[in-house]
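Thanks for coming. I have one structure to go through today, and I will take it from the overall layout down to single residues. Here it is.

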Amino acid sequence: LTGRENVKLNGAVLGLSRREIESRFDEIVEFAGIEEFIDTPVKRYSSGMFMRLAFSVAAHLDPDILVVDEVLAVGDAEFQRKCLGKLDHASKEGRTVFFVSHNMAAVAQLCERGILLEEGRIVEDGPIGAVVDTYLRSAGAHDAEVHFEADPDADAAFVRLATLRADGSPSARFGTDEPITCEIEFEVYRPIRQDHIWLRLYQGTGLLLNFTTDEERGSPPELREPGRYVARFTIPSRLLNEGAYRFRVQLLHSIAGVRNFGIRDDRRSAVFQVEDTLDYGDATLGP
């Protein structure tokens, strides 16, 4: 069946009359963003196109209860934005939306209440912020040290990423009154030029908070010879609020004089938790 025929069939299965389907057809197709392919058999659609159309049909039925499972895993950023807007609109109209996802940023943006499941059992049920924090603090979510596999075929590769206390000991938990140091250990296998370490700090939900490079702390060597190196970045105390965070690292360098030709970006990250340890008992307002 074509996309057009699938919209009509899906709508009929879900209880819409032919007149209702026709009245909403153009809006459904426009939302899905596949007008050009609406008369193409869906067997030729990509998985993303198919999910776009399926979500669009379901979202335009105005159901009392809408169950959405990882629809934001497909589609581009613009379509994901439209999906969130549609779900938010449905919830504000008094409809119930069950949003099942591992995308904490989307969950935190859309939902007011969270239910955390583990092996089919409810682990926590409450305000979304508290449930997200519990999920991020779950077993295995925090690791003070992350080790990477050697990659001798690369020009350079990361070896270790760690979060350290002020005394240099690895830790995945910090108080708000403590500085947090990210230590990056990397191996250079062949001489590289104009290399820079980039460090990105993300909130546990995936929101990028800040990024910096070792270039801001002084010029790295023009030529880095083979060997093992260590870079450290420190976040001052009393800067981060309570919650979960993660560090991601990237190494950029030049090859044959071409800037940023070599890019080493490892998707693994160091995840840590900040707990509020400040004493507000004697807090006073400033001038």
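Helices and strands here are DSSP runs, of at least four residues for a helix and at least two for a strand, numbered from the N terminus. Counted that way, the protein chain has 6 helices and 15 strands. Please keep in mind that this is a predicted model.

Some totals for the chain. It has 287 residues, and buried residues make up 40% of them. Take the contacts with a separation of 6 or more: residues 24 or more positions apart account for 62% of those.

Now one helix, H3, residues 47-59. What span should its 13 residues have at 1.5 Å a residue? The expected figure is 18 Å, and the end C-alpha atoms of H3 are 18 Å apart, so the two agree. As for burial, the buried residues of H3 are Gly48, Met49, Arg52, Leu53, Phe55, Ser56, Val57 and Ala59.

Next, the pockets. The volume of the largest pocket is about 1000 Å³. Its lining consists of 31 residues, and those nearest the centre are Phe99, Cys111, Arg113, Gly114 and Ile115. Which elements give two or more residues to this lining? They are helix H4 (77-92), strand E2 (96-100), helix H5 (104-110), strand E3 (113-118) and helix H6 (128-136). E3 gives the most, with 6 residues. By class, the lining of the largest pocket divides into 18 nonpolar, 7 polar and 6 charged residues.

I will stay with Phe99 for a moment. This residue lies in strand E2. Is Phe99 buried or exposed? Its relative accessibility is 11%, and the cut-off for buried is under 20%, so Phe99 counts as buried. Leu110 is 11 residues away from Phe99 along the chain, and the C-alpha atoms of the two are separated by 8.5 Å.

The second largest pocket has a volume of about 230 Å³. It is lined by 13 residues, of which Leu199, Asn210, Thr212, Thr234 and Ile235 lie nearest its centre. Strands E9 (192-203), E10 (208-213) and E12 (227-235) are the elements that give two or more residues to this lining. The classes here are 9 nonpolar, 3 polar and 1 charged.

On to enclosed space. How many cavities of 30 Å³ or more does a search of the whole structure find? It finds 1. The largest cavity holds about 40 Å³ of space. Lining it are Gly175, Thr176, Glu178, Ile180, Ile235, Pro236, Ser237, Arg238, Leu239, Leu240 and Val274. That lining divides into 6 nonpolar, 3 polar and 2 charged residues. Ile235 is listed in this lining and also among the residues nearest the centre of the second largest pocket.

The last item is Ser171, in the loop between strand E6 (156-164) and strand E7 (173-175). Ser171 is buried, because its relative accessible area is 9%. What does its side chain reach at 2.8 Å? The partner is the backbone oxygen of Arg173. There is also a polar contact of 3.2 Å between the side chains of Ser171 and Arg165. Leaving aside neighbours within four places in sequence, the residues in contact with Ser171 are Ala144, Thr163 and Arg165. Arg165 therefore comes up twice for this loop serine, which is buried at 9%.

That is the end of my list.

Conventions
Residues are numbered from 1 along each chain as its sequence is written. This is a predicted model: local features need pLDDT of at least 70, side-chain atom pairs count only at pLDDT 80 or more; totals for chains, interfaces and linings use all residues. Side-chain values use heavy atoms; hydrogens and water are left out. Buried means under 20% relative accessible area, exposed over 50%, partly exposed in between (1.4 Å probe, protein chains only). A polar contact is a pair of N or O atoms within 3.5 Å; within protein, one must be able to donate a hydrogen and the other to accept it, and residues adjacent in sequence count only if both atoms are side-chain atoms. Contact means heavy atoms within 4.5 Å. The expected span of a helix is 1.5 Å times one less than its number of residues. On a 1 Å grid over the protein atoms alone, a cavity is a set of points where a 1.4 Å probe fits but cannot get out, and a pocket is an open set with protein on both sides within 12 Å along at least five of seven lines; lining residues have an atom within 4 Å of a point. Grid points are joined across faces, edges and corners, and a volume is the space filled by probe spheres set on the points. Ala, Val, Leu, Ile, Met, Phe, Trp, Tyr, Cys and Pro count as nonpolar, Asp, Glu, Lys and Arg as charged, and the others, Gly among them, as polar.
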